[in-house]
Amino acid sequence: MTGLRASLARRLAQLARPRAAEVLPVQLDRRRVYVLPTGFGLFYAALVLAMALGALNYNNNPALLMALLLGATAMSSLIFAHLQLSGLRMDAVSADPVHAGESLMLHIALSARDGRLRRGLRLDGAETAAFAPAMSAEGTVVELGLPTQRRGWHDIGRLRVSTTQPLGLARAWSWIWPPPLLVYPALEVHGPPLPEGGRTGQRAKLDPAGDDVHHLRGYRPGDAPRTIAWKPSARRDVLLVREYEQPVGVEVRLEWDALGTLAHEDRIRRLAHWVELGEREGRRYRLTLPGQPSLGPANGALHRHLCLRALALMPYADR
């Protein structure tokens, strides 16, 4: 019976809108909101029906009035549950990219322009759920974690927004299908150091914030007082300034063709590991992939994202 109910629920979900990813923002109108009684609501309806039949059988007007009032309350609950979702907007869905195998934390921005206070909203993903206990007219942000398995564009799938407010007699729900998000490749576990032996073969460049003294030169207007070499200046009777140097790592080349002994996905994991390692060590690195222009040499958050994005969108070997 459990498998039958699950199969029936999947078939009914396929008939509901939307049937593909949609561009945000999305507003839920009355045609996209579905309402059905809960288990407690069915029990409540049976109880009210029994009360009404008993009142009619015994010609008990107060009991009949009570049954009608309870029935009207149940009908109002259906309407209010529908209004909890009608007019709700999903403005944006964002997430910081993660490596495959890690949990993708979605930040879902909800709002409503009608000014109604909404309570007890629930968002259900593939395997997790999140709650927004109360949402004012200013909106709210709900965080929902989703597992990831593969690199590339991750299809979030349809998210169900539902509520059982105000009395728990009915459940109103609707579906929203956000666009896919990017997932970086998984990193190689215990991967090797960067090519060229890590930090060997360094060079140096002049840098006022460096640590090592390179040479002395004549004073120029605007030089910081701390850089003036007072003792050599006193001996030569002229102001001299220290020039400093800062060690800079040699450019690291991360080349796809240099990993010919590894399998397709192992190469991607190795290069992703080296990109992260290059960022941690502050190295300038160049990524070269087949059929694409080289990226770099550079470093920093933007260069890291471009490199990992290019690796994530590499075609799979079986395609």
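Tutor: Buried means under 20% relative accessible area. Keep that cut-off in mind for this predicted model.

Student: Is β9 largely enclosed or largely open, and how many of its residues are buried?
Tutor: Strand β9 has 5 residues. It is largely enclosed by the rest of the structure, because the buried ones number 4 of the 5.

Student: Which residue is the bridge partner of R122 in β9?
Tutor: β5 and β9 run antiparallel, joined by 3 bridges. Within β9, R122 is partnered by S162.

Student: Which residue in the turn between β9 and β10 has a positive phi?
Tutor: β9 and β10 pair in the antiparallel sense over 5 bridges. T163 stands opposite A172 in β10. The two strands form a hairpin with 6 residues between them. The turn residue with a positive phi, about 80°, is G168.

Student: Which strand gives the most to the largest nonpolar core?
Tutor: That core has 29 residues, and L88, M90 and V93 are among those with the most contacts inside it. Elements supplying at least two residues each include α3, β3, β4 and β9. With 5 residues, the top contributor is β4.

Student: How many residues does the second, separate core have?
Tutor: Its members include Y184, L254, L259 and L289. The count is 22.

Student: Is L47 buried, partly exposed or exposed?
Tutor: L47 lies in helix α2, residues 39-57. With F40 and F43, L47 forms a nonpolar surface patch of about 330 Å² accessible area together. Exposed would require over 50% relative accessible area, and buried under 20%. L47 has 46%, so the verdict is partly exposed.

Note on methods. Residues are numbered from 1 along each chain as its sequence is written. This is a predicted model: local features need pLDDT of at least 70, side-chain atom pairs count only at pLDDT 80 or more; totals for chains, interfaces and linings use all residues. Side-chain values use heavy atoms; hydrogens and water are left out. Patches are made of residues with over 30% relative accessible area and no salt bridge: like charges are joined within 9 Å, nonpolar side chains (Val, Leu, Ile, Met, Phe, Trp, Tyr) within 5 Å. Accessible areas come from the Shrake-Rupley method with a 1.4 Å probe; for residues, only the protein chains shown count as cover. A salt bridge is a side-chain nitrogen of Lys or Arg within 4 Å of a carboxyl oxygen of Asp or Glu. Buried means under 20% relative accessible area, exposed over 50%, partly exposed in between (1.4 Å probe, protein chains only). A nonpolar core is a set of buried Ala, Val, Leu, Ile, Met, Phe, Trp, Tyr and Cys residues joined through side-chain atoms within 4.5 Å. Two strands pair if DSSP finds at least two bridges between them.
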